Amino acid sequence: MCQNCKKPYYITTAIAYTSGKPHIGNTYEIVLADSIARYKREQGYDVRFQTGTDEHGQKIELKAEEAGVTPKEFVDGVAGEIKRIWDLMNTSYDKFIRTTDEYHEKQVQKIFKKLYDQGDIYKGYYEGLYCTPCESFWTPSQVVDGKCPDCGRPVQPAKEEAYFFRMSKYADRLIDHINKHPEFIQPVARKNEMMNNFLLPGLQDLCVSRTSFKWGIPVDFDPKHVTYVWLDALTNYITGLGYDCDGRNDALFEKYWPADLHLIGKDIIRFHTIYWPIFLMALGLPLPKQVFGHPWLLQGDGKMSKSKGNVIYADTLVDFFGVDAVRYFVLHEMPFDNDGVITWELMVERMNSDLANILGNLVNRTISMTNKYFDGVVCDRGAAEPVDEDLKNTVLEAVKKVDTKMDQLRVADAITEIFGIFRRSNKYIDETTPWALAKDEEKKDRLATVLYNLTEAITIGASLLASFMPETSEKILKQLNTEKRALQEMDVFGKYPSGNKVTDKPEILFARVDVKEVMEKVEAMQAAQRAEAEKKAEAAGGQESAGEKEASDGIDVEAKPEITYDDFAKLQFQVGEIIACEAVPKSKKLLCSQVKIGSQVRQILSGIKAHYTPEEMVGKKVMVVTNLKPAKLAGMVSEGMLLCAEDADGNLSLMTPEKDMPAGAEIC
């Protein structure tokens, strides 16, 4: 029996917000979690995998009103669509929880009352700034130029009676826990961000109820209040296991809590590593073992927008490439701690190179040669040569490396190791030249051994692939007429049954696609998206829903006092070239750029971290105000200002010269 057999392993995704159909960036998380859950099952764990939907809040109430339906009708439709896509992507979740589930709502009410009775929640009065898209309150010192520090959209003054949670009561205990459990927040950069930007400066009490909207779980002892989204949403991880605030927990909760892994997007790491652990401490429950804030999958040609027609959905990609090709792409293209990029062109490249050529062609060639030379019978005749050992070592080492990478949650690296088996197998064909061996009757045993080694290598590679591309793995193994190899059975090369017969009609796993044909279809699809967005805008009297209005539509801004030409002439604008850029450690909004202007290099700090990564900045030509008096921000000196445009939603775009201009050129 394997050492992990019967050990419980509880993994969750963040629950998807039901404001609309999830795009491919949202879908990435469920596929990532599924690959981890499947691999843990292969390791012998008793896995519980939970996902679901977050269905309350002011944004939902507004969306439902726009759609002319009740909030429940609205979330029923969206939750159904989310579940459909999760199922389409062949994800093996055990529980799909909805925060409108009756059991969940009742437990949230009990939890709220328990925390209130023990003094952790108190009634107060809130006056501050509120971001509706993020459903977050901010103080004036936290907002950036009147915008939400998380999403960059405008915030609105909010003033209402509210209940608050005493966060500071548990802050020191949480800091101590994080220090003693360095694995708790991953990657490490996320841990440093939480400690330096939030915990160490001191936590403010958290607003946990609202009265300005109704679509939420009512506070049963004060019905004009509804439970604020994070106390509602975060508790799904325990209510989904049957946690009972009265102590009558379901057996699932007793078995699987604490969670082994909360898999979430990096944008909500604060809620899961500060608020959630503190809620659990207040309830007297153990904390999850690990929270992993994965990076984002970004659109290659800018922000996804319906009016641009460039929103990419998982089901659309599946129509073009198939489920496993999409799973491969989103898993393979996402680094451990940096954002990944998705483009149609890159999908085509991966389809043709990695899937059709490296994998599909390898399987097809091996089966076809076995049929041609041995009527499909695979035999190890022991005619070994030194080149065989390198193939065997590569395969067995890959098995160990995949196991190590998956324990580290480095899923993209694990897939790379698996494809290393297929690459090495293709090279082995070139080295051994089976077609040449077939011409010499005396080398028939050697030919049989070569094909056996290829079949065994593919069997192990396909078995490893099952967690990431389950349908493809199954198809390959079926064609080889063998079963999936258990992980603990991959310690030796040569377990494929000698004398076994492969299929006589190999199936094409992945057909090559023509990039020109794909892009023509994509352009037509995007044009249809744009037309639909325009039609909806016209039907709404020219008003688009929140978050969909584009800068190209034109926006009005408040006029500033008139100035004279002499006033304007005092400002100096020049072209600068960004030669280096990094995030400012003590700030969640600032990037520090080294900007070449003529023969000088200036250090300029800009509050654009929510819109650009340091890697994106390097190499850009930008417009700079160069005669501003130096200012000190976050303990660092800034010697100028980068010019940006801003749309109605708070999205920023650096101003760049239309033509290539030398660094230092004056803008006049």
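Which residues line the second largest cavity? In this predicted model, the lining is made up of Tyr39, Glu42, Ser463, Leu464, Ser467, Arg485, Leu487 and Met490. Helix H1 and helix H17 (444–465) are the elements that each give two or more residues to this lining. The second largest cavity has a volume of about 40 Å³, and its lining is mixed in character, with four nonpolar, two polar and two charged residues.

The count of cavities of 30 Å³ or more comes to two. The largest cavity has a volume of about 80 Å³. Helix H1 (24–42) appears here again, this time with helix H15 (411–432), as an element that gives two or more residues to the lining. Among the lining residues are Tyr28, Leu32, Phe292, Pro295, Leu331 and Met334, together with Arg410, Val411 and Ala412. By class, the lining of the largest cavity comprises eleven nonpolar residues and one charged residue, with no polar ones.

Turning to the pockets, the second largest has a volume of about 930 Å³. A total of 36 residues line this pocket, and those nearest its centre are Asp145, Gly607, Met641, Leu642 and Cys644. Strands E20 (600–606), E21 (621–625), E22 (631–633), E24 (641–642), E25 (644–646) and E26 (652–654) each supply at least two lining residues. Strand E25 provides the largest share, three residues. The lining of the second largest pocket divides into 22 nonpolar, seven polar and seven charged residues.

Conventions:
Residues numbered from 1 in each chain as written. Predicted model: local features only at pLDDT ≥ 70, side-chain atom pairs only at ≥ 80, totals over all residues. Heavy atoms only, no water. 1 Å grid on protein atoms, 1.4 Å probe; cavity = no way out; pocket = protein on both sides within 12 Å on 5 of 7 lines; lining within 4 Å. Points joined across faces, edges and corners; volume = space filled by probe spheres on them. Helix = DSSP H or I, 4+ residues; strand = E, 2+ residues; numbered from the N terminus. Nonpolar A, V, L, I, M, F, W, Y, C, P; charged D, E, K, R; others polar.
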